[in-house]
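Student: Can you walk me through this one? I'd like to start with the strands.
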Amino acid sequence: MSKTAVLAKLQPLEQESISRGIPILGSKKGAWLLQKIQQVKPQQILELGTANGYSGCIIGSDGAELTTLEVNAIIAEEARQNFKRYGITAQVLTGDAVEMVKRLAAERQEHYDIIFIDFAKNKYITVLENCIRLVKKGGLIIADNITMDGCQDYQEAVLNHPQLKTELIPIRDGLSCSEKI
Ligand SMILES: C[S@@+](CC[C@H](N)C(=O)[O-])C[C@H]1O[C@@H](n2cnc3c(N)ncnc32)[C@H](O)[C@@H]1O
């Protein structure tokens, strides 16, 4: 499906989320992310911070297997319903993403083509090393809201990390996109 068609299909969910004050990615950053997904064609994606599944519907729209982590059981259930509504194959795991990423990294290495980080801003730095372990060589770790308070240590770390090549994407409050080299 074309980028425009995917975003148009998700417009009701975007509007509904905005009117309810759910802090979703939105269609402007969504368009950038979708372009990346359609270019990279990932098979395995891990997302930290599901909310009601808006960004999951974007990153899962090209047929990848999506695993997404959410601490709030009520909104996680909404995400499951939205994945059904939009035909997205996703596994929503409920719990603290920091702990779950630690467990996943102990079980498997270099498994994901893309990891999308969009949860508690001051915890981005705590998951970085495990995300590097979990992402494939040549794979991407993408983080949202990178200029927000709480993300500075993460931003500095990804810009200076010897295993990462990072670019900052200046859309609204910014994204970072780090390739594992
Ligand atoms: C910005 S929202 C995610 C938006 C979503 N990615 C989207 O664009 O549609 C952040 C989500 O992270 C969740 N969250 C916060 N701390 C968390 C934690 N420690 N583990 C897992 N999820 C967490 C919140 O409950 C919230 O739903």
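Tutor: One term to begin with: two strands pair if DSSP finds at least two bridges between them. The model is a predicted one.

Student: OK, what stands opposite I141 in β7?
Tutor: S178 does. Strand β7 covers residues 175-180, and 5 bridges join β5 to β7.

Student: Do those two run parallel or antiparallel?
Tutor: β5 and β7 run antiparallel.

Student: And what about β4 and β5, how many bridges join them?
Tutor: There are 5 bridges between β4 (residues 112-117) and β5, and these strands run parallel. As one of the partners, F116 is bridged to I142 in β5.

Student: Which helix goes with β4 and β5 in a β-α-β unit?
Tutor: Helix α7 does, and the unit is right-handed.

Student: Why is β5 described as largely enclosed by the rest of the structure?
Tutor: Because 7 of its 10 residues, in the run 135-144, are buried.

Student: Switching to rings. How many aromatic pairs are there?
Tutor: The count is 2 aromatic pairs. F119 and Y124 are stacked, at 6.0 Å centre to centre with 10 degrees between the planes. Y124 and Y154 are edge-to-face, at 5.5 Å centre to centre and 80 degrees between the planes.

Student: Where in the chain do Y124 and Y154 sit?
Tutor: Y124 is in helix α7 (residues 124-134) and Y154 is in helix α8 (residues 152-160), 30 residues apart, so the pair links distant parts of the chain. Ring pairs link F119, Y124 and Y154 into a cluster.

Student: Is Y154 buried or exposed?
Tutor: Y154 is buried, with a relative accessible area of 0%. Y124 also counts as buried, at 0% relative accessibility, and F119 is buried.

Methods: Residues are numbered from 1 along each chain as its sequence is written. This is a predicted model: local features need pLDDT of at least 70, side-chain atom pairs count only at pLDDT 80 or more; totals for chains, interfaces and linings use all residues. Side-chain values use heavy atoms; hydrogens and water are left out. Rings of Phe, Tyr and Trp (its six-membered ring) pair if their centres lie within 6.5 Å; planes under 30 degrees apart count as stacked, over 60 as edge-to-face and the rest as tilted. Buried means under 20% relative accessible area, exposed over 50%, partly exposed in between (1.4 Å probe, protein chains only). Helices (H or I, at least four residues) and strands (E, at least two) are DSSP runs, numbered from the N terminus. A crossover is right-handed if, with the strands pointing away from the viewer, the path from the first strand over the helix to the second runs clockwise.
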